[in-house]
Structures are given as structure tokens and as C-alpha cells.
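Let's take a walk through this protein chain. We'll start with the overall picture and then zoom in on how some of its helices meet.

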Amino acid sequence: MKKILTILLSALLVTSLAACSTDAPKEGGQTTDGEKKYVVGFVTDTGGLGDQGYNDAVYSGLTKASEELGFEVKMVESKEIGDYANNLRAVFNDGADVAICAGASFADAVIQVAAEYPDKTILAFDAEVDGVENVVSSMFKEEEAAFVLGAFAGLVTKTGTVGYIAGVESPLQERAKNGFEAGFMTTNPTGKVIGIYAGTYNDVGKGKEIANTLFTQGADYVASFAGACNLGVFQAATDAGEGKYALGAALGQFDKNPEKIIASQVKTVDLTVYNALNEFIGGTSSAGITTRGIKEGGVDILFNPNADLVKTVASDEILQQVDAIRTQVMNGEIQIPLTKEDLASFGK
């Protein structure tokens, strides 16, 4: 099968796709030997490609699957949340058999568009949609990885204060933020977490500004789970000087600042996207919600591959403690708080 990868990145092409969202949908093509050539649509969230986080992770899994399975890709980058429904329509009207979207704020658009295109499939990641026959929803237990990362931060902080930067307020972000704070409380009950929402996923400068403030307020570690804002946090860690570090997200991000990112809470979105596309093309997709935590390989904590750097801040004993906590979380032995109310009563 001929391998084709068509990426529509320019503003002109994105606009033209959106403009045809009311046209009759095209059908997927055929290869020269008569075998069906699938077309996969990808609608980014407002962070777009190059966010060094979620969208890039999705695109990584999409690219790998395309190279192996030979399907064509149609992509639209969203500028606003209000664009989501029309952008999903656009990729379907341009011939996509299945559309991928990633982000909790896609849920309403997914439900609406799925009803309009009952013969199409939507693979939604982090958009919790159940009971819709043509929607496959993949969710993650972000709170599990965040809890373990918070426990690590509680063990390695020298100042007793760490920072946490979340993206835009949502149940997903609240789960992760609460998980991090609960993990920190578990290993450092007298310490303090300063948690702040950036209110955006794509403002590097905002991430740096908030992180600078947190470092000034005494934090020696700042964790970030806020898309491209993370890049600003990594820059701020360098500016803050010796003894100041960052904790990353996405697929690890260690290459963004190898000397300052000690550990990361990761989501294997790339692998999940890759597997979901294999299942769809193989005809084994199942509608409904699948949730993946540490045990299922959906989330985890990763340490900087430079073991010598990690050892400058964390002894073998600390790393063993963190691994023991990770095992407890994986086995469901710790009830991680998902809401503010649960967090307030955690450990009491």
C-alpha cells in the first residue's frame, strides 16, 4: 500500500477545510489494487502543533501509525474551542473515515458531530463521551502519575515549598493538581505546594512568568502540566540558578532542558493513539470509555535519563521510597483525591 501523509498546516488550507464543513462528505479512496485506503482526520486543540506537549504527543502516535499502515492524514489546527465542531465536520467532509481529537473540552463537539455523521468514527482522547455508538473515548488516570511525582517532590525539596502550574481549569486538570498535592502531603506533611492555573496551554511567556514568581516565593521545584507553558517553566528554572529545578510532563520533555528537568509525570498518548488507530483499521474498535492508569501503561513517572543528575538530588533510599509509593498507587492501595473536597480531607 502506498504510504501517503498529507499535512495541512498553512492558515490558507486550514481555512479552506473549515469553509467546506457544510459540504457533502467525501468517501475514503481506494488503492490501485482495490484495497481501501483509509483517511484519518486530526483536529488539534487550541495549543496546536509545536506545543511540546499533548498535541505533539498525539501527532507522534499518528505519524507512526500512518507510516506503518499507509493511511492519509487530514489535519486542522483549532484556534478557539468554538472551532472544534466545525473542524471535525471539515475533516469528515474532506474524506476522513475517522477523526482524532484530544482534549477534555472536545466532549460537547464530539457528541454533536458524532450524531451528524453516524457512519464515521471519532477517536476522542481525554474527552469523556460514553453511550455514543461511533465514539471511542480514551481517558487517563492523570492523578496517579501526579501523585507519585508529588511524593517525589516532597522527598527532595530542600525549602519545603514547591510549585505546581496547571493549564486551563477542568476536571482533568483538577485531578492531576489534587493528585500532585496529595502525593506531596504524603511524604512532606509540613511542606507547602503553591498551585496556580495558567489559564492557557500555549503561552510560553505566561509559564515563565508564573514559574519565576514561584521560585521567588521559595519553591525549589516547579512542576508544570500546562502544554507549551511548560517551556517557560523550564527556562525559568535555568534563570533561577543553582538548586532550582523543574518537573515536566507529556512524554518526559527532558530534551527541553536536560540539566533542570529531574522527573516528569507522563501520559503515553502517542502509544494510545497508535494502538487506537490499529484497532480501528483492524476492525476491533469498541465504543465507550477506556481508562488507563499506571497499571495499564497509560501514565507513569519518568526520571531524567541522566542518572548522575538525578542522584545529585535524590538518594537511592528516596528513589526506593518513590518506587514503593508507585507500586501502592498501581495496586489501588492509595485512594487519591479527585476533587478539592476530597483533597481537603485527605490523610485526616
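What follows goes from the whole chain to two helix pairs.

Keep in mind that this is a predicted model. The chain holds 12 helices and 14 strands. Of its 348 residues, 55% are buried. The chain still exposes about 14500 Å², and carbon and sulfur atoms supply 50% of that area. Now look at who touches whom: among contacts between residues at least 6 apart in sequence, 70% join residues at least 24 apart.

For a first close-up, find helix α5 (residues 142–156) and helix α11 (residues 316–330), whose axes come within 10 Å and cross at roughly 155°. Angles over 145 degrees count as roughly antiparallel, so α5 is roughly antiparallel to α11. The crossing is right-handed. On the α5 side, the contact is made by E144, F147, V148, A151, F152, L155 and V156, while α11 brings I318, L319, Q321, V322, I325, R326 and V329. Sort the residues of this contact by class and you get 11 nonpolar, 1 polar and 2 charged.

Now swing over to helix α7 (residues 204–216) and helix α8 (residues 229–240). Their axes sit 6 Å apart, and the helices pack at an angle of about 40°. That angle makes α7 oblique to α8. Here, too, the crossing is right-handed. From α7, the residues V204, G207, K208, A211, N212 and F215 meet a set in α8 that includes C229, L231, G232, V233 and Q235, along with A236, A237, D239 and A240. By class, this contact has 9 nonpolar, 4 polar and 2 charged residues.

Notes:
Residues are numbered from 1 along each chain as its sequence is written. This is a predicted model: local features need pLDDT of at least 70, side-chain atom pairs count only at pLDDT 80 or more; totals for chains, interfaces and linings use all residues. Side-chain values use heavy atoms; hydrogens and water are left out. Helices (H or I, at least four residues) and strands (E, at least two) are DSSP runs, numbered from the N terminus. Buried means under 20% relative accessible area, exposed over 50%, partly exposed in between (1.4 Å probe, protein chains only). Contact means heavy atoms within 4.5 Å. Accessible areas come from the Shrake-Rupley method with a 1.4 Å probe; for residues, only the protein chains shown count as cover. Axes are lines fitted to C-alpha atoms, for helices over the stretch in contact, and angles run from 0 to 180 degrees between N-to-C directions. Angles under 35 degrees count as roughly parallel, over 145 as roughly antiparallel, 65 to 115 as roughly perpendicular and the rest as oblique. A crossing is left-handed if the near helix is turned anticlockwise from the far one by less than a right angle, and right-handed if clockwise. Ala, Val, Leu, Ile, Met, Phe, Trp, Tyr, Cys and Pro count as nonpolar, Asp, Glu, Lys and Arg as charged, and the others, Gly among them, as polar.
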